[in-house]
Amino acid sequence: MIPQILALDIAGNPFEWISQQDAIYYYATDKVAWALGEREFIFRGGVSNAGVLSEIAVKPIIAIARSERMTSMLRRQLPLGDDNSLLFARDRNTCAFCGGVYARHQLSRDHVLARTHGGPDTWMNCVTACRTCNQAKGASYVHDFRPLLYVPYVPCRFEHFILSGRNVLADQHDYLSAKLPRHSRLLA
Ligand SMILES: [Zn+2]
C-alpha cells in the first residue's frame, strides 16, 4: 500500500492524512512551509521549455503554509466513529473484562453504561470486550458485572492520528508518538 502523507498545520498539529497526490498539489502551489522525514517520494513531471525535467520530492510529513485558520478550527477531540478499529486499537485488542487479547472478529464494542440506560457512543463510555463477555454483561451495570480492567479515555489528537493512519511510516510514528501523554496505552 502506498504510504500516506501526514499533513500538519503551521504549528505542527496533525491536520489530516492525505494522499501523495494531494501532497504534490501543496508542493506545486508553494504551500509547504516545512517538511520532515528521512524518506522522500520523488515524482517526475513534464519537461519545461528550458528543457529541465520537473521533479517534486515529497517528504512523509509536511506543514501547510498559511494554515492559521485551519488551526483555529481544529477540534481537540476527534470522534470515535462507527467502525470499531480505532477503539480496538486504543485498547490493544484487549477485553476490558477478562483481559484476553483477541482477533478483531472476536471483539465488540461494549458500552460501559449500556445504551438501553442512555449510555452514549463516546470514547469515555466505550471499551473493547470479547463477544463472550459482552453477551454475559448484556444491559447490566458494570458494578453488577465485573470491574473494568482498564479505564476508557479520549485519545489526544496525536494518538488519534496514530490509530487512524494506514501504513504509518517510522518518521511519522516518531513524530506523533513524541507528543503522546503518559496515560496513552500506545506507549505501554
Ligand atoms: Zn472477555
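**Questions about a predicted chain**

Colleague: Let me start with one residue. Why does threonine 71 count as partly exposed?

Modeller: Threonine 71 has 15 C-beta neighbours inside 10 Å. A buried residue needs 20 or more and an exposed one has 12 or fewer, so a count of 15 falls in between and the label is partly exposed. Bear in mind that this is a predicted model.

Colleague: Where does threonine 71 sit, and which residues does it contact beyond its neighbours within four places in sequence?

Modeller: Threonine 71 belongs to helix H2. Leaving aside neighbours within four places in sequence, its contacts are Asp9, Ile10, Ala11 and Asn13. Alanine 11 is 60 residues away in sequence, yet the two C-alpha atoms are 7.7 Å apart.

Colleague: How confident is the predictor in helix H2, and how about E8?

Modeller: Helix H2 (residues 68–73) has the lowest mean pLDDT among the elements of the chain, 74, while E8 has the highest, 98. For the chain as a whole the average is 90, and 97% of the residues score at least 70.

Colleague: Thanks! What makes strand E8 largely enclosed?

Modeller: Five of the five residues in strand E8 (residues 126–130) are buried, so the rest of the structure largely encloses this strand. Each of them therefore has 20 or more other C-beta atoms within 10 Å of its own. Both faces are covered, with Cys126, Thr128 and Cys130 on one side and Val127 and Ala129 on the other.

Colleague: How do you know that strand E7 and E8 pair?

Modeller: Strand E7 (residues 107–111) and E8 share five bridges in the antiparallel sense. Pairing asks for at least two bridges, so five meet the condition. One example is leucine 107, whose bridge partner in E8 is cysteine 130.

Colleague: There is also a four-stranded sheet. Why are E2 and strand E3 said to stand at the edges?

Modeller: The order in this open sheet is E2-E1-E6-E3, with mixed pairing. E2 and strand E3 (32–36) each have a single partner strand, so one side of each is left without a neighbour in the sheet. On average, neighbouring strands of this sheet are turned by 25° against each other, direction ignored.

Colleague: What packs on that sheet?

Modeller: Helix H1 (residues 20–28) does, touching E1, E2, E3 and strand E6 (61–64), and its direction makes about 45° with that of E6. As for pairing within the sheet, E1 and E2 are antiparallel over four bridges, and leucine 6 stands opposite tryptophan 17 in E2.

Colleague: And helix H5, which of its residues are buried, and what covers them?

Modeller: In helix H5 (residues 157–164), the buried residues are Phe158, Glu159, His160, Phe161 and Ile162. Their cover includes strand E1 (5–8), strand E2 (14–18) and helix H6 (170–177).

Colleague: Now the whole chain: how many helices and strands are there?

Modeller: There are six helices and eight strands.

Colleague: Why is the chain called more spread out than a compact globule?

Modeller: Its radius of gyration is 21 Å, well over the 16 Å that the globule rule gives for 188 residues, so the chain is more spread out than a compact globule. The C-alpha trace spans about 75 × 35 × 30 Å along its principal axes.

Colleague: What does the domain assignment give, and how far apart are the C-alpha centres of the domains?

Modeller: It gives domain 1 (5–73) and domain 2 (85–144). Their C-alpha centres lie 39 Å apart.

Notes: Residues numbered from 1 in each chain as written. Predicted model: local features only at pLDDT ≥ 70, side-chain atom pairs only at ≥ 80, totals over all residues. Rg over C-alpha atoms; globule rule 2.2 N^0.38 Å. Contact = placed C-beta atoms within 7 Å. Domains from an automatic or database assignment. pLDDT = per-residue confidence, 0-100. Axes fitted to C-alpha atoms, helices over the stretch in contact; angles between N-to-C directions.
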